[in-house]
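Colleague: I have a new chain open and would like to talk it through with you before I set anything up. Could you put it on screen for us?

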Amino acid sequence: MQPRISDTKVLSCAPVKGVDGAMWKCVEIEAPGISFAPGQYIMAAAKIGAVNWPSPLMIQQASACGVIALIHPNSPLYVLEEGALVTVWGPCGTGIAVGEESTVLLTDGPGWLLVAPYAKAYPSQCTALLYGAAATSGMHEGISVSSIDSFAKVSQEETVKSAARVIVALPLKELSQLLSALPKDIAGKVSVFVGTRVACGLGACKSCFITGGGVSYGIAVCKEGPFLKAPDIDFARDQDSLLHYV
């Protein structure tokens, strides 16, 4: 089913201190009747000038009137304020089905906005490991969170060993270090947030296509992602396409 496109507005906007110490924005965007799965996102274009380029926003949760999203200061959508007009299409992408299985969320400070929807939707199934960030933030309320300072220690964590899956959101450099430090049995159950140039969110422009998974024509990250199984990604071949996620 194609994502719905609509002209709408920002209903509320409030500052919130992020895990990385930066002041993010929490916005509620009017989108009546929208339904989503954790891990999906919306594309949003702010009506603030002659050229309104769209950017992806991870849906954090549904509200009575639409969706709630967190915006990092590095995002071009950080300019949004209450009452701002936006064009929104979505939900886009495919979420990971967690169900009743144990899941570890491994991320850094900025990456929390990408994995937080899973923690909010499945608080009893998810455990969060924060790399290089203190596990103290109002964003973690009700979620089991601990800090880790070495990727070599990840595979030693009992929660990681017993987890059905590990969902990771890290910059490309740190992600490569993590995957090289993990034994095959753990690396095989890792899904990673794939940061690419998402321009349309529909799979039409192909700016987000990467090779991997034995698919010759590529994987449309905007449709099949943004979380993909780590073994399916050819990191060496696609390193020029993969970006930092924020």
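Modeller: What follows is a talk about the chain shown above, which is a predicted model.

Colleague: Fine, start broad: how many helices and strands are there in the chain?

Modeller: The secondary structure comes to 6 helices and 14 strands, and of the 246 residues of the chain, 51% count as buried.

Colleague: And what about the accessible surface, how much of that belongs to carbon and sulfur atoms?

Modeller: The accessible surface of the chain comes to about 11300 Å², and carbon and sulfur atoms account for 53% of that area. As for contacts, if you take those between residues at least 6 apart in sequence, 65% of them join residues at least 24 apart.

Colleague: Let's go to α1, then; which of its residues are buried?

Modeller: Helix α1 runs over residues 112-121 and is mostly covered, with 8 of its 10 residues buried. Those buried residues are W112, L113, L114, V115, A116, P117, Y118 and A119.

Colleague: Changing topic, how many disulfides does the structure hold?

Modeller: The structure holds 0 disulfides. C205, for instance, is in no disulfide, and the nearest cysteine sulfur, that of C200, lies 3.5 Å away, whereas a disulfide calls for sulfur atoms within 2.5 Å. C222 is likewise in no disulfide, since its nearest cysteine sulfur, that of C208, is 3.6 Å away.

Colleague: Are those two buried or exposed, C222 and C205?

Modeller: C222 counts as buried because its relative accessibility is 1%, while C205, at 41% relative accessibility, counts as partly exposed.

Colleague: Now the backbone: where is there a cis peptide bond?

Modeller: A cis peptide bond joins G90 and P91, with omega at about 5°, and P91 has its place in strand β6, which covers residues 85-92. The peptide bond from G225 to P226 is cis as well, with omega near 5°, and P226 sits in the loop between α5 (221-224) and β14 (227-229).

Colleague: What about phi of K206?

Modeller: Phi of K206 is near 65°, which is a positive value in a residue other than glycine. K206 is placed in the loop between β11 (190-193) and β12 (209-212).

Colleague: Last one: is K206 buried or exposed, and why?

Modeller: K206 is exposed because its relative accessible area is 56%, and the cut-off for exposed is over 50%.

Note on methods: Residues numbered from 1 in each chain as written. Predicted model: local features only at pLDDT ≥ 70, side-chain atom pairs only at ≥ 80, totals over all residues. Heavy atoms only, no water. Buried < 20%, exposed > 50% of the residue type's maximum accessible area, 1.4 Å probe, protein only. Helix = DSSP H or I, 4+ residues; strand = E, 2+ residues; numbered from the N terminus. Contact = heavy atoms within 4.5 Å. Areas by Shrake-Rupley, 256 points an atom, 1.4 Å probe, with all protein chains shown as cover.
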